[in-house]
Amino acid sequence: MKVYRLLAVLVLTSFLLIWYYILRVNNGLFNGISLGVNSSFSGFSLGRKSHRSLANGTEIAIVVVACGERHNEALNMIKSAIMFNRNQAPLRFIVVAEEQLKQNFVEKLDDWQEINDNIFTYEIHSLTFPEANKDEWKKLFKPCAAQRLFLPSLLPHIDSVLYVDSDTIFLSPVQELWSMFRNFNASQFAGMAPEHEDKNAGWYNRFARHPYYGDLGVNSGVMLMNLTRMRDFKWEEHIMPIYKEYRLKLVWGDQDIINILFHHHPDRLYIFPCDWNYRADHCMYMSVCDAPDGVKIIHGNRGYFHSYVQPIFNLLYTTIEEYAFRTDIHSNFIRTVEDSLTLPSNSNCDKLLDKFLQDPRKYFKQNQYIEET
Ligand SMILES: [Mn+2]
């Protein structure tokens with residue numbers, strides 16, 4: 001009888017252990033590895049549900065596309081969004097990535113979720129291009145860059161997103177830009193900043209061999225997208241004919257396509273100021289972007305985060321990369337940047353240090369936070 005009872009306990013324990021294992025593995029799967037449905041516009045996947053579910057409608061969805069070496073940049077962008085999310089808005093990161101990068105994102109983001117008390121959720125999707133001209137789309141301009149054109153059908157479950165290039169960094173809460181959706185009128189479905197501020201230096205007005213938006217075109221590196229409205233507009237059906245007509249004249253790939261589309265539909269586009277898409281072009285010759293409340297999002301296009309041509313770009317990038325969550329932002333970001341920048345500098349962008357640190361300095365005062373050990 002005793003043996004029988006012991007056996008029963010053993011069987012029950014094994015059963016519980018197996019059950020626990022199954023749950024863990026499933027949980028891992030649902031944490032973001034794409035479920036890989038095979039239709040051409042699928043790749044739908046689920047992120048971990050936290051106590052701040054998508055259903056409450058307040059989550060801010062940030063989309064980034066990561067291919068090849070871009071995955072470290074994408075992670076650094078995500079890190080900066082969390083760092084400066086000082087009002088603790090619930091964030092949802094939507095990562096569209098190459099298969100071999102997915103596991104790395106899952107590991108890093110799971111780790112950060114735990115450290116940051118689940119202030120964000122995430123989901124990871126497979127790259128998805130239309131079957132027709134799939135390879136051409138994939139290679140247009142830079143690998144995977146054209147993915148953003150197909151977000152309306154890739155993310156049928158999402159109403160609105162903030163799309164950012166992987167080479168961007170937040171220096172302020174995402175919520176401030178997100179709240180600009182409220183400024184959209186009834187016909188607008190996208191928001192972007194101008195490509196240039198100055199006609200003498202503008203690219204589109206001097207070189208483009210295709211139509212473009214407004215006087216100077218728009219930069220697509222930071223883009224508010226109301227996906228519901230874009231789907232109603234049948235956005236992707238507008239993209240195809242533009243691509244067919246202009247494919248040999250596109251220099252900046254998907255950004256040119258976006259410019260051509262909004263040339264024909266200017267009433268659909270909301271323009272926000274350069275503070276939210278601040279590039280070296282805004283400071284390298286002279287300061288052409290006012291940014292009265294400081295630089296909010298910095299865009300290190302053309303590799304500025306990884307070169308020393310404008311040292312401040314590289315410094316902001318690497319300081320965020322080295323920052324450890326839950327440590328003091330005043331000492332480990334603001335002070336680090338101040339102390340590391342060699343002034344006077346020959347770089348015009350370096351001279352605008354105060355503009356770059358304006359927002360962080362305002363809200364992360366000295367000794368405001370006690371460092372956790
Ligand atoms: Mn970019």
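User: What do the buried residues of helix 11 pack against?

Analyst: They pack against helix 2 (70-83), strand 5 (168-170), strand 9 (297-299), helix 12 (329-340) and helix 13 (353-363), where contact requires that the C-beta atoms of two residues, placed from the backbone, lie within 7 Å. This is a predicted model, in which local features need pLDDT of at least 70, side-chain atom pairs count only at pLDDT 80 or more, and totals for chains, interfaces and linings use all residues. Residues are numbered from 1 along each chain as its sequence is written.

User: Which residues of helix 11 are called buried?

Analyst: They are Ile312, Phe313, Leu315, Leu316, Tyr317 and Ile320; a residue is buried if 20 or more other C-beta atoms lie within 10 Å of its own, exposed if 12 or fewer, and partly exposed in between.

User: How do you know that the span of helix 11 (residues 311-322) agrees with its length in residues?

Analyst: The expected span is 1.5 Å times one less than the number of residues, so the 12 residues should span 16 Å, and the end C-alpha atoms are indeed 16 Å apart. Helices (H or I, at least four residues) and strands (E, at least two) are DSSP runs, numbered from the N terminus.

User: What makes strand 3 (120-126) and strand 8 (269-271) edges of the sheet?

Analyst: The open sheet has 7 strands in the order 3-2-1-4-7-6-8, with mixed pairing, and two strands pair if DSSP finds at least two bridges between them. Strand 3 and strand 8 each have a single partner strand, so one side of each is left without a neighbour in the sheet.

User: Why are strand 1 (residues 60-66) and strand 2 (residues 91-97) called paired?

Analyst: Because pairing asks for at least two bridges and 7 bridges join these parallel strands, they meet the definition; in strand 2, Val95 is the bridge partner of Val64.
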